[in-house]
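This report concerns selected local features of one protein model. Please consult the sequence and the structure shown below while reading.

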Amino acid sequence: MKHSRRDRVRAWGLVASSVLAACAGDGAVTLLDASTPVDAQVATDARPSTEVDAGVAPGGIAPEGALDGERAGADGANELALDPESPAVVRIDVAPDEHVTFFLTFDGAGGGIELEVLRWDGARAVSLGVTDAGPELRTLAVFDPSEPRTFWARVTSDARTLPATLAITRVPFEDGATCELDCARLLQLPLPNDPARDGYATSASTVFRYQYGRRDLLMFLRHAGRRLVSLGMQPFVPEDLSQWDGRTPGEDVGAPRHASHQRGKDVDLSLYGLDGRSEWRSYCTVVRTDRGRECVPGTISGYDGFANAVFFGDFFATGRVTNCFLDQELIGETVSGADEALTAELVAEELLPMYADGAHLQHWPNHDNHIHVRVSEAEGSTFAIVAEGAVEPP
């Protein structure tokens, strides 16, 4: 049965209460990008060791000694002596207009070395994210625009005693749908403080060192997330942007996961289903061709063209999107959904032609389970939306 627009808007509100359970709870499933060959997959990061707090409590600055073994961190390099018997705990207090990156480096493959970031919620330290995969480095980032906030980086080694360096970098940052300055700067996507408020979540397949994007793309992503959850929609799940060094994710281990995703201009995002959830899953029966995985015509199942049209419209409205990649079968459903979203006043009329112009949504194999969004690398805060020459394969 086809759901009406009103029914689907109501359903968004009904699923909002289950957001945290779906995105960060114990029942989360491992979601791997099916467009990546199995032999190109790399070790993925661990899930948070504790449940993400759903509230933003008052009292963002923790009392001294709130976490056992804490030491004050300094901007720049903090030298650590990792010891299996005693985690290194580094504390910093962060202003609401500061994006902070914790970047841990060490010698070797890194097995058993874990970087965890915790946030003071007004009463306790709550784990936001854990990374324990990959050679020679660990990286996590935070941003809390609500008020000054205490964060900790906790580093553990389960088997070795070795030196390490934790670099702490603060960069001015603000949310918004437009970027005016330093827009090409590569920054790590901040861990969501609360998926139900920030509008995006991590999954068991998230590789944090592959979540570095241009400042403007991170702003657009966060802006879309906050708008969608304000409508009662569930958080979406971003996966790969670029490596920490701006190269294609997977190059650090000799197994690139994409043809592009360089310099932070690309991001892969989960799609919305008719059940209200935004998870990495295929929305059709697929066939393998010499180009890759493609939907069999007429086999779409569970895809919500209306919700995804609302979702994509937030990126189109920035004036910075050059290309998006999606399976052609899903594009047709999205074009129909955009008409419905226009009627519901959730998509602006001037955006409507972009859904069917063959550039802002164009077919590419292996995109039956996510959308690939690409932003312009041209300078300037606003300009006419254009495709920049030959299309770079995603």
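The sections that follow treat a strand residue, a helix and several loop residues in turn.

The model is predicted: local features require a pLDDT of at least 70 and side-chain atom pairs a pLDDT of 80 or more, whereas totals for chains, interfaces and linings use all residues. Residues are numbered from 1 along each chain as its sequence is written, and side-chain values use heavy atoms, with hydrogens and water left out.

**Threonine 150**

Threonine 150 belongs to strand β8, residues 149–157. Helices (H or I, at least four residues) and strands (E, at least two) are DSSP runs, numbered from the N terminus. Because its relative accessible area is 0%, threonine 150 is buried; that term means under 20% relative accessible area, exposed means over 50%, and partly exposed lies in between (1.4 Å probe, protein chains only).

The side chain of threonine 150 makes a polar contact of 2.7 Å with the side chain of aspartate 93. A polar atom of the threonine 150 side chain also lies 2.9 Å from the backbone nitrogen of alanine 62. A polar contact is a pair of N or O atoms within 3.5 Å; within protein, one must be able to donate a hydrogen and the other to accept it, and residues adjacent in sequence count only if both atoms are side-chain atoms. Beyond neighbours within four places in sequence, the residues in contact with threonine 150 include Gly60, Ile61, Leu118 and Trp120, where contact means heavy atoms within 4.5 Å.

**Helix α6**

Helix α6 comprises 16 residues, 328–343, and spans 24 Å from its first C-alpha to its last, close to the expected 22 Å. The expected span is 1.5 Å times one less than the number of residues. At the start of α6, a side-chain oxygen of aspartate 327 comes within 3.0 Å of the backbone nitrogen of glutamate 329. Among the buried residues of α6 are Leu330, Ile331 and Glu340. Glutamate 345, which follows α6, has a positive phi near 60°.

**Loop residues**

Most residues other than glycine have a negative phi. Arginine 263 has a positive phi near 60°, and asparagine 366 has a positive phi near 70°. The table gives the setting of these two residues and of arginine 277.

| Residue | Loop between | Relative accessibility |
|---|---|---|
| Arginine 263 | α4 (215–230) and β12 (266–269) | 41%, partly exposed |
| Arginine 277 | β13 (271–272) and β14 (278–279) | 27%, partly exposed |
| Asparagine 366 | β18 (362–363) and β19 (371–375) | 18%, buried |

The C-alpha atoms of arginine 277 and phenylalanine 236 are 8.1 Å apart, although 41 residues separate them along the chain.
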